[in-house]
Amino acid sequence: TFYHVMELLSGFDFESLVKRFGPLPPARVVYLLGQVCASLGEAHGMGLIHRDVKPANLYTCRLGTESDFVKVLDFGLVKSVRPDGVDQSLLTAPGVATGTPAFMAPEVALGQSNIDHRVDIYALGCVAYWLLTGGFVFEGDSAVKMMYEHVRTEPVPPSRRTELPGSPSLDAVVLACLAKSPDDRPLDAHDLARRLSGCDVGEPWTPERAARWWRTNVPDTAPVAASQAG
């Protein structure tokens, strides 16, 4: 009998998190995205491009005694590029756009074949937009129209799409991620993490604040004390 053992996670993907609790404060967004950057930075360092970074594939949970621990999921559309620049992906044909339209970089929407890790940076900017506003960067009644917007239209700063207090410095980082040209985006995930850490978001989101949020909002996910186990 063949079977697949998967890790049991207790928490929410970013899509469900926002749908259930609403847009997040900038400090928490920075805290969560910093962890995503660490994971993507590791993948990119091994020549792996995720290509489907979106809220449903990013998961925050309680892991042991840690709260708001982020997992990057679903590398099903990963593109592997060897150090010699040879594309080892056999998942799609040349010129075919791959990914989710609401989080798709312009060069992907155009079907360009010479994409790199910066498509994940763009998608992460779209994720940040979702976390801050509860909406997509661009709306459209079809996938084609939405992809067209990503190619042609400049985005509105996220702070103008939410009633929560905004952060001009975080707006600037998100808009840099959403630059049409890859050359105008953060260099890599580590550069993005550095920029995020420098944003003025008021009181920082700390492990202690994260633990309080989880105890208040989802107490049923609390870890079992050692004295209660067994």
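User: What makes Phe 14, Leu 33, Val 53, Lys 54, Pro 55, Leu 58 and Phe 103 count as contacts of Val 127?

Analyst: In this predicted model, a contact means heavy atoms within 4.5 Å. Once the neighbours within four places in sequence are left aside, Val 127 is in contact with Phe 14, Leu 33, Val 53, Lys 54, Pro 55, Leu 58 and Phe 103.

User: Which residues have the most contacts inside the largest nonpolar core, and which helix gives the largest share of this core?

Analyst: The largest nonpolar core has 57 residues, and those with the most contacts inside it are Leu 124, Val 127 and Leu 131. The largest share of this core, 12 residues, comes from helix α4, which spans residues 118-133.

User: Why is strand β3 described as largely enclosed by the rest of the structure?

Analyst: A residue is called buried when its relative accessible area is under 20%. Of the 6 residues of strand β3 (residues 58-63), 5 are buried, and therefore the strand is described as largely enclosed by the rest of the structure. For the protein as a whole, buried residues make up 45% of the 230 residues.

User: How do you know that β3 pairs with β1 and with β4?

Analyst: Two strands pair if at least two bridges are found between them. Strand β1 (residues 11-13) and β3 have 3 bridges in the antiparallel sense, and one partnership places Gly 11 opposite Cys 61 of β3 as its bridge partner. Between β3 and strand β4 (residues 66-72) there are 5 bridges, also antiparallel, so both cases satisfy the requirement of at least two. Leu 63 has Glu 66 in β4 as its bridge partner, and in the hairpin of β3 and β4, with 2 residues between the strands, Gly 64 takes a positive phi near 65°.

User: Why is the pair of Trp 213 and Trp 214 called edge-to-face?

Analyst: Ring centres must lie within 6.5 Å for a pair, and planes over 60 degrees apart count as edge-to-face. For Trp 213 and Trp 214 the centres are 5.4 Å apart and the angle between the planes is 75°, an aromatic pair that is edge-to-face. Both Trp 213 and Trp 214 are buried, and ring pairs link these two with Phe 12 and Phe 21 into a cluster.

User: What makes Arg 28 a charge over the face of Trp 213?

Analyst: The distance part of the criterion asks that CZ of Arg be within 6 Å of the ring centre, and the direction must be within 35 degrees of the ring normal. Arg 28 lies over the face of Trp 213, at 4.0 Å from the ring centre.

Notes:
Residues numbered from 1 in each chain as written. Predicted model: local features only at pLDDT ≥ 70, side-chain atom pairs only at ≥ 80, totals over all residues. Heavy atoms only, no water. Buried < 20%, exposed > 50% of the residue type's maximum accessible area, 1.4 Å probe, protein only. Helix = DSSP H or I, 4+ residues; strand = E, 2+ residues; numbered from the N terminus. Core = buried A, V, L, I, M, F, W, Y, C linked by side-chain atoms within 4.5 Å. Phe/Tyr/Trp six-rings, centres within 6.5 Å; stacked < 30°, edge-to-face > 60°.
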